[in-house]
Amino acid sequence: MMLSVQDLAVSRGGITILDAVSLTLQPGEALVLRGPNGIGKTTLLRTVAGLQLPVSGRVELPPEGAAYSGHADGLKATLTVAENLTFWARIYGQRDIAPALKAMNLETLADRDAQNLSAGQKRRLGLARLLVTGRGLWLLDEPTVSLDAASVALFAEAVRAHLKRGGAALMATHIDLGLEEATILDLAPFRAKTPAPGQGGGFDEAFA
Ligand SMILES: Nc1ncnc2c1ncn2[C@@H]1O[C@H](COP(=O)(O)OP(=O)(O)OP(=O)(O)O)[C@@H](O)[C@H]1O
C-alpha cells in the first residue's frame, strides 16, 4: 500500500470544504483528482502531504513519506540547475542527479542559475526534483502548468517510468496526460454539505 486515506475531511480558512474522502493507492497506480477551480484539490493534496492538519480522518503514507510538488517549485534562485538538484538529492540521501537532468531535458541548462530559467524550465527543474527524492509516492499539484507539449510528454514519461518502478502518484491536473495507468477521482461528491458563500462554486467567483 502506497497511500491510504480514510474518511478525510479537509478545511481552508477554518471551513470544511471536502469530507468523507477515502482512497487508496497501490504500487504502480496513479489517481487524478478532478473538479472545478476551488473545490479543494490543492487543499486535499496539502493535507495528504502533511503540510496542513486534517479536520478528521486518517492519512497513511509509506514510512519514508511522500514527495510533494506544489505551485511553488522550491528552487534556490542563486544556485544553478545542477546545484539545486544536488542540494535536494543530498537532503533525500540520493547521489546521482544525471538521470533527473536527462529525464527533464535539463542537461544543457545544468550550469544556469535557477533565477534565469524560463517559467517552463523552472517547472521542469521542479519536476526533476521529484526524481532525486527517491520517494515512492508523488503528490503533484498542477504539475504541467507552464509546460509546452514536448515537456508535458517528458513529464508523462517520467510518471510512467515511476509507476513501472513500483511508485505511485496522486495528482491534480486539468489536462490528460495519456497515462493508461491513471484513474480519475471526481471530487464533486465529497464537497462538504454547507460551504460558505464563495466556496466550492463552479469557478473562481472572485474573478467572475
Ligand atoms: N484563507 C482562506 N479562507 C477561506 N477560504 C479560502 C482560503 N484560502 C482558500 N480558500 C478557498 O478554499 C477553496 C479550496 O481551494 P483549493 O486551492 O484547495 O482549490 P483547488 O480545487 O485546488 O482549485 P484550483 O483548481 O483553482 O487550483 C477555494 O474555494 C478557496 O477560495
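Trainee: What makes the largest share of the shell around the ligand, and how many residues is that?

Mentor: Helix H1 does, with three residues. Bear in mind that this is a predicted model. H1 covers residues 41-48, and both E2 and H1 give the shell at least two residues each.

Trainee: How do you know which residues come nearest, of the 14 around the ligand?

Mentor: A residue counts as near if its C-beta atom, placed from the backbone, lies within 6 Å of the molecule. Of the 14 residues around the ligand, those that come nearest are Gly 13, Asn 37, Gly 38, Thr 42 and Thr 43.

Trainee: How do the residues of the shell divide into nonpolar, polar and charged?

Mentor: Nine are polar, three nonpolar and two charged. Gly counts as polar here, so Gly 13 and Gly 38, both among the nearest residues, belong to the polar class.

Trainee: What is the order of the open sheet of three strands, and is the pairing parallel or antiparallel?

Mentor: The order is E2-E1-E4, and the pairing is antiparallel. E2 (15-25) and E4 (56-60) are the edge strands, since each pairs on one side only. Neighbouring strands in this sheet are turned by 30° against each other on average, direction ignored.

Trainee: How do you know that E1 and E4 pair?

Mentor: Two strands count as paired if at least two bridges are found between them. E1 (residues 3-12) and E4 have four bridges, in the antiparallel sense, so the criterion is met. Within this pair, Val 5 stands opposite Val 59 of E4. Helix H1 lies across E1, E2 and E4, at about 125° to E1.

Trainee: In which sense do E3 and E7 pair, and over how many bridges?

Mentor: E3 (residues 30-34) and E7 (residues 168-172) pair in the parallel sense, over four bridges. Ala 30 has Ala 169 as its bridge partner in E7. E3 also runs parallel to E8 (residues 182-186), joined to that strand by five bridges. There, Leu 31 stands opposite Thr 183.

Trainee: Why are H4 and H5 called roughly parallel or roughly antiparallel to each other?

Mentor: The axes of H4 (residues 119-131) and H5 (residues 149-164) cross at roughly 5° and come within 11 Å. Angles under 35 degrees count as roughly parallel, and H4 and H5 are therefore roughly parallel to each other.

Trainee: Which residues make the contact?

Mentor: H4 contributes Gly 120, Arg 124, Leu 127 and Leu 131, and H5 contributes Ser 151, Phe 155 and Ala 158. By class, the contact has four nonpolar, two polar and one charged residues.

Note on methods:
Residues are numbered from 1 along each chain as its sequence is written. This is a predicted model: local features need pLDDT of at least 70, side-chain atom pairs count only at pLDDT 80 or more; totals for chains, interfaces and linings use all residues. Axes are lines fitted to C-alpha atoms, for helices over the stretch in contact, and angles run from 0 to 180 degrees between N-to-C directions. Two residues are in contact if their C-beta atoms, placed from the backbone, lie within 7 Å. Angles under 35 degrees count as roughly parallel, over 145 as roughly antiparallel, 65 to 115 as roughly perpendicular and the rest as oblique.
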